[in-house]
Amino acid sequence: MAIELEPSWLKVLGNEFDKDYMLKLKQFLKEEKDAGHKIYPSGSNIFNAFNTTPFDKVKVVIIGQDPYHGPNQAHGLSFSVQKGVQVPPSLQNIYKELATDIPGFTIPKTGDLTQWAEQGVLLLNATLTVRAATAGSHQKKGWEKFTDTVIKTISDKKEGVVFILWGNYAQSKSELIDGSKHLIIKSTHPSPLAVSRGGFFGSRPFSKTNEYLKQHGEKPIDWKIRD
């Protein structure tokens, strides 16, 4: 696990990588690789969310749980898949909500959300790696401690950030966020099973985010994805 991190993140997280739990995590990943297991995303994309969205530019945080574990899907951004890969069901539902929430939004063919990340949307999974074809295989190995630190650091050191928490797992992270100086948006998860129970469609997280950003003197997010 080579640490190549964007400088503004290194400044606020630098010593985290020297802590015991991160050294154990690094050893675990080495053992996985030595045992011949394929790990997603590729090494250069593990910290893609941080390298595409510098700490200084973070305006919105969308928290996911695990990277996709199929071939060519994960590239280090929550809910996003690489260009040319079929759009996963959760992201299809996110696009459906966008189409009713944001005027002029048309559902794109691509599932690559890099354009959001470049505008200050940190697409953060709680666990940053996974063994191929084995969902949840790298949970509770240290990643959650690291990403909890990331969430708390954003909350402590910044103001006026929008945290979008879909589903119970993401909502459990609200205890790390100071709701008096940030906006927390909660709803059902966009996965097909959760969506069928109601609460996601019509929740309008994207327009609410932009209204809040404008109120705080920030440029709103252009949610449209150009193929």
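The exercises below, each with a worked solution, lead through a predicted model of one protein.

Residues are numbered from 1 along each chain as its sequence is written. Because the model is predicted, local features need pLDDT of at least 70 and side-chain atom pairs count only at pLDDT 80 or more, while totals for chains, interfaces and linings use all residues; side-chain values use heavy atoms, with hydrogens and water left out.

**Exercise 1. Describe the protein as a whole, beginning with the confidence of the model.**

Step 1. The mean pLDDT (the predictor's confidence in each residue, from 0 to 100) is 96, and 99% of the residues reach 70 or more. Among the elements, β3 has the highest mean value, 99, and helix α8 (residues 192-195) the lowest, 95.

Step 2. The protein holds nine helices and six strands, where helices (H or I, at least four residues) and strands (E, at least two) are DSSP runs numbered from the N terminus. Its radius of gyration is 17 Å, close to the 17 Å that the globule rule gives for 227 residues, so the protein is as compact as a globular protein of that length; the radius is taken over C-alpha atoms, and the rule is 2.2 Å times the number of residues to the power 0.38.

Step 3. Of the 227 residues, 53% are buried, a word that means under 20% relative accessible area, with exposed over 50% and partly exposed in between (1.4 Å probe, protein chains only). Among contacts (heavy atoms within 4.5 Å) between residues at least 6 apart in sequence, 68% join residues at least 24 apart.

**Exercise 2. Work out how the open sheet is ordered and what packs on it.**

Step 1. Four strands form this sheet in the order β3-β2-β5-β6, with parallel pairing; two strands pair if DSSP finds at least two bridges between them. The edge strands, each pairing on one side only, are β3 (121-125) and β6 (183-187).

Step 2. Neighbouring strands of the sheet are turned by 20° against each other on average, direction ignored, with axes being lines fitted to C-alpha atoms, for helices over the stretch in contact, and angles running from 0 to 180 degrees between N-to-C directions.

Step 3. Helix α6 (residues 143-157) packs on the sheet and touches β2 (60-64), β3 and β5, while its direction makes about 150° with that of β3.

**Exercise 3. Follow strand β5 through its partners and its side chains.**

Step 1. On the β6 side, five bridges join β5 (residues 162-166) to that strand, and Leu 165 stands opposite Lys 186. On the β2 side there are four bridges, again between strands that run parallel, and Ile 62 has Ile 164 as its bridge partner.

Step 2. Val 162, Ile 164 and Trp 166 point one way from β5, whereas Phe 163 and Leu 165 point the other way, and all are buried.

**Exercise 4. Decide whether Asn 45 and Pro 103, both found in loops, are buried or exposed.**

Step 1. Asn 45 sits in the loop between β1 (39-40) and α3 (48-52), and it counts as buried because its relative accessibility is 18%. Leaving aside neighbours within four places in sequence, Asn 45 is in contact with His 75 and Gly 76.

Step 2. Pro 103 belongs to the loop between α4 (89-101) and α5 (114-117), and at 71% relative accessibility it counts as exposed. From Pro 103 to Leu 122 the separation is 19 residues in sequence and 23 Å in space, C-alpha to C-alpha.
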